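Q: I am new to this structure and would like a close look at a single part. Please walk me through the open sheet and what surrounds it.

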Amino acid sequence: MVALNKKTLSERDICTKYLTPAIRQAGWRQPWHFREEVFTNGRVIVRGRLTMRGERRRADYVLYHKPNLPLAVLEAKDNNHKLGDGMPQALDYAEALDVPFAFSSNGDAFLLHDRTGTTTPVEQELPLDDFPSPDELWARYCAWKGFGEAQQQVVTQAYHTDVLGKAPRYYQRVAINRVVEAVAKGQSRLLLVMATGTGKTYTAFQIIWRLWKAGVKKRILFLADRNILVDQTRINDFKPFGSAMTKITNRQIDKSYEIYLSLYQAVTGTEEELNIYRQFSPDFFDLVVVDECHRGSAAEDSQWHDILQYFSSATHLGMTATPRETEYISNIHYFGEPVYTYSLRQGINDGFLAPYKVVRIDLDKDVTGWRPEKGKRDAHGQLIEDRIYNQSDFDRQLVLEQRTQLVARKVSEFLKGTGRHDKTIVFCEDINHAERMRSALVNENADLAADNSKYIMRMTGDSDEGKDELDNFIDPESQFPVVATTSKLLSTGVDVQTCKLIVLDRIIRSMTEFKQIIGRGTRINEDYDKRFFTIMDFRKATELFADPDFDGDPVQIYEPGPDDSPVPPDDTPPPEEGDTEYPPEDGTIVDPEPRRKYLVRDVAVTVLAERVQYLDSAGKLITESLRDYTRRNVTEEFASLDDFLRRWGQTEQKQAILQELEQQGVLLAPLAEEVGKDFDPFDLVCHVAFDQPPLTRRERAENVRKRNYFTKYGDQARAVLDALLDKYADQGVENIESLEVLRIQPLSDLGTPVELVKAFGGKEQYLQAVRELEEALYAAA
C-alpha cells in the first residue's frame, strides 16, 4: 500500500484523514462533541445602493462538553504549513467564543495553547494519539472556574430547545453562559450590555429557563417600562414558560405563578397603597431581571430602585444596550461591571446588525441663527422677544414654518430617490412639532397620502389613532403606515425591522438616547431587502459619533449642498425642561405639555453648502483627501506599480481583487464619483496611487477591437466577445466575469447560454476566452 504524501493533501483532507480520527479516538464521539462552526454572518458592505457580505468567521472545530457549552477550538492547516500557523486564528476565535483552550494542527501533531494561565508551559505540542479527552478538558475547565459539584449541576443545565431549530448566536451563548456561571458562583448583582437588535430578550429567556429548570431560581420577576415590551416578551421569546407565567395587570397579585412579567409602573405608585409589590414578601422572588435598566433602575431615588431594594435578597440582573454613567445615575455602581458586553460595532462587524449611512443637512437659520426685526409679531399677533434664536430654540420656543416645510421636502426627495414605501421614522421636538411635520410631509406626498390616509401618521403618546397603528408599522408584512412622525414614543423598545430611514429633527444631547434611537434601524431583514439604513440629520445629533462612548460608526457621512439630492452618491446632561424622563403607568412615553411658541411664516430657510465625508475600514472618519487616502491604502498593500500589475495579471477573477481592496478600506465607488465614472477601477487605482494616465473603459474596449483580436473565433463567438466588450465599456470588468451575463441583453439575443458557450467549444474554453479578453483589455498597461 502506497503511503499518503501529506504535502499533496488539502486542508479538508488533513481534517478527514488525521484530525477527526484523532479527536474521536480521544473520546469525543457524541454528536454534539465537535463540529465545524460558522459563527458570524459577514459584515454587510455597502456600495452605493448595493450590498455584499464580507467574509464569515469559521472555526474548523469547536469542541463541546454539552450542547452550547464549548470548551475549545481547533484550527487546521494543510501540511505545507507549520504546526503553529493556525494558532493566531485559533486564539482569535477562542476569545470570541469565550473558550479557554485553543489548538492548531497541520496533521503532524497538535499544538495546545491554554488560556487559563494555570498550566506551564502555556503552549505544548501533543502527538496525534494524545489529544485530551472530554473529561480531561472539562476537569481543567472546572478547576479554572472554581466549580464544585453544585456549581457544575447549574452550569450544565440544558438550554431550551426550539422545535423550529432556533439556536443562540455565539455572543448570546457567551452572555447566557457567563450569567449562569456567575449566578452559580453566588454573584447577586449582574449587568449585561448588548446592543439594540442583538436579542436581549431571547438571551434573558434562556438565562431564566436554565436557572429555573436547575431549581436554583424558582420565582422570577421580569420588569420593563413599556407595555409593548412586556407583551412582545410574553407572546414571543417567553412563550415556552406557558402556564407558569403571568403578567401583572390591573394591580392584581396572584401568588400561584412562578414567572411574573410586569411594568414597574403597574406595581408602584406615588402613594403607599399603590406600591402593590409589597404584597409579595421580600424573599418571594429569587431573581429580578430589569430590562432596559438604563432608564432609571439605578437611580437611588427612582421607583425601580425601591423595588430592587425591597427584593434585595434576590439576584438582580440588569440588561441594557446603553448603560448610564453620570454624576447622578450609575448602572455599574449598582449592578457591577458588565459580565459581558456585545457592542453595536461588534454587531455590525459580525453582520448581525445593519450598517448605516449618514446624510447631514445644515440649514442656514440653524447655523447663523435668526433675530426678529424690531417690533416683529408672529402669526398669532404675539410680539416676538428680541434676541437671537438658534437651533436649540427652533420648534421649542419658536417655529419657522418654512423650516418645517424644507425638512419635509428634503425627506420626501430622499424617499423619492430611494423608495417611497421604505419605513421611515421622523423624530421631532414634541407633539406639536410631530403634527406639523406630519402635515408638511402629507403636502409633499399628496399622491400617496390620497391613496391611503395611513401612508403618513403621527405616533405620539396622546394619539390613539397612531398608537393603534403601531403594530402595523412594526409588522414587515404590513405596507402601511410607511412614515411615522414622533417625539419620544418610538425612541426605544420598538422593533421596526424594516426601518430604512431615520430622520433626526430634534436636539439630542444624551448618548444613551442617541444610541437607542440609532437602534431603531439596526435590525437586518433580508427577506424585505433591509440590509442597511440611512440617518438624515438636521440637528447635528450625529456629531455624537465623535464621542468616545459611541461604538458603532457609520459607513458614510454625506452633507448635500443647497441644490443637491439628499440621496448620497453611489456624561448625560439633565433633561431639558418639559422632557419626560420616566413613562407613566401604562408604559407610554407622554410628550411634554405644549409650551408657548412663536409661529413665524414669512422667514425663508435654505440649505447650506455640501461636504462629503467617508469612513475607513476601521470605522473612523477620513480627514485627508479621498485621493491621498486611496494612495496611502493602495501603496501599503502594493509596494510599486509593477507589484500591482503583477497581482492584477495573475488573478483570474478581477472581482476578487476589487473586493479585497474594498474590504481594506479603498472606496472605489466614491473615488469614481470624484475622478470619473467612465474609468475602470484598474485605471482609478493606477492613476490615483501610481500617477499613471487613465484610459476610459470605452477607450480600452476600442483598443482591443483595433487589434483584430477576434479573428481566431467563429462568427457567433466573435459576436459574444464583441457584446462582452460593450458590456465592459458600459459597466466594468466585474460584469463580464460571471456566466450570468449570458442571460442578459444584448447577449441573450444571440442565443441561450448553452448555445453561446458551445460556440467556444465548451465552458472551459469560454472562460479561457474571457480571461484572454481581460488580458487584451489591460495589455497596454
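A: Start at a turn. In this predicted model, strands E6 and E7 form a hairpin with three residues between the strands. Glycine 107 sits in that hairpin and takes a positive phi near 100 degrees. E6 covers residues 101–105 and E7 covers 109–114. The two strands run antiparallel, joined by four bridges. Within this pairing, serine 104 stands opposite leucine 111 in E7.

Now follow E7 to its other partner. Five bridges join E7 to E8, and these strands also run antiparallel. Here the bridge partner of leucine 111 is glutamate 125 in E8. Leucine 111 thus has serine 104 across from it in one pairing and glutamate 125 in the other.

Between E7 and E8 lies a loop that holds proline 121. The peptide bond from threonine 120 to proline 121 is cis. Its omega is near -5 degrees.

Is E7 covered or open? It is mostly covered, with six of its six residues buried. In a regular strand the side chains alternate between the two faces of the sheet. On one side of E7 are Ala109, Leu111 and His113. On the other are Phe110, Leu112 and Asp114. Both faces are covered, and these residues are all buried.

Step back to the whole sheet. Six strands form an open sheet, and the pairing is mixed. The order is E1-E4-E5-E6-E7-E8. Strand E1 (34–38) and strand E8 (123–127) stand at the edges. Each has a single partner strand, so one side of each is left without a neighbour in the sheet. Neighbouring strands are turned by 30 degrees against each other on average, direction ignored.

Look at the E1 edge. E1 and strand E4 (residues 58–66) pair in the antiparallel sense. Four bridges make up this pairing. Arginine 35 stands opposite valine 62 in E4.

Two helices pack on the sheet. Helix H1 (residues 11–25) touches E1, E4, E5, E6 and E7. The direction of H1 makes about 15 degrees with that of E4. Helix H3 (residues 134–145) touches E4, E5, E6 and E7. The direction of H3 makes about 120 degrees with that of E5, which spans 69–76.

Which residue of H1 gives a good view of this packing? Take cysteine 15, which is found in helix H1. Cysteine 15 is buried, with a relative accessible area of 1%. The cut-off for buried is under 20%. Leaving aside neighbours within four places in sequence, cysteine 15 is in contact with Thr20, Pro21, Tyr61 and Ala76. Tyr61 falls within the residue range of E4, and Ala76 within that of E5.

Cysteine 15 also leads back to the hairpin. The C-alpha atoms of cysteine 15 and glycine 107 are separated by 7.5 Å. Along the chain, these two residues are 92 residues apart.

Proline 31 makes a contrast. It is found in the loop between H1 and E1. Proline 31 is exposed, with a relative accessible area of 74%. To count as exposed, a residue must be over 50%. The C-alpha atoms of proline 31 and proline 67 are separated by 9.4 Å. These two prolines are 36 residues apart along the chain.

What about the nonpolar interior? In soluble globular proteins, nonpolar side chains tend to be buried together. The largest nonpolar core here has 118 residues. Those with the most contacts inside it are Leu19, Phe103 and Leu192. Leu19 lies within the range of H1, and Phe103 within that of E6. Helix H5 (residues 170–184) gives the largest share of this core, 10 residues.

Leucine 192 has a long list of contacts, leaving aside its neighbours within four places in sequence. Among them are Ala175, Val179, Thr203 and Ile207. The list also includes Leu317, Gly318, Met319 and Thr320, along with Val339 and Tyr340. Ala175 and Val179 fall within the range of H5.

So much for the sheet and its surroundings. To retrace the path: the hairpin of E6 and E7 holds glycine 107, E7 has both faces covered, and helices H1 and H3 pack on the sheet.

Note on methods:
Residues numbered from 1 in each chain as written. Predicted model: local features only at pLDDT ≥ 70, side-chain atom pairs only at ≥ 80, totals over all residues. Heavy atoms only, no water. Pairing = 2+ DSSP bridges. Axes fitted to C-alpha atoms, helices over the stretch in contact; angles between N-to-C directions. Contact = heavy atoms within 4.5 Å. Core = buried A, V, L, I, M, F, W, Y, C linked by side-chain atoms within 4.5 Å. Buried < 20%, exposed > 50% of the residue type's maximum accessible area, 1.4 Å probe, protein only.
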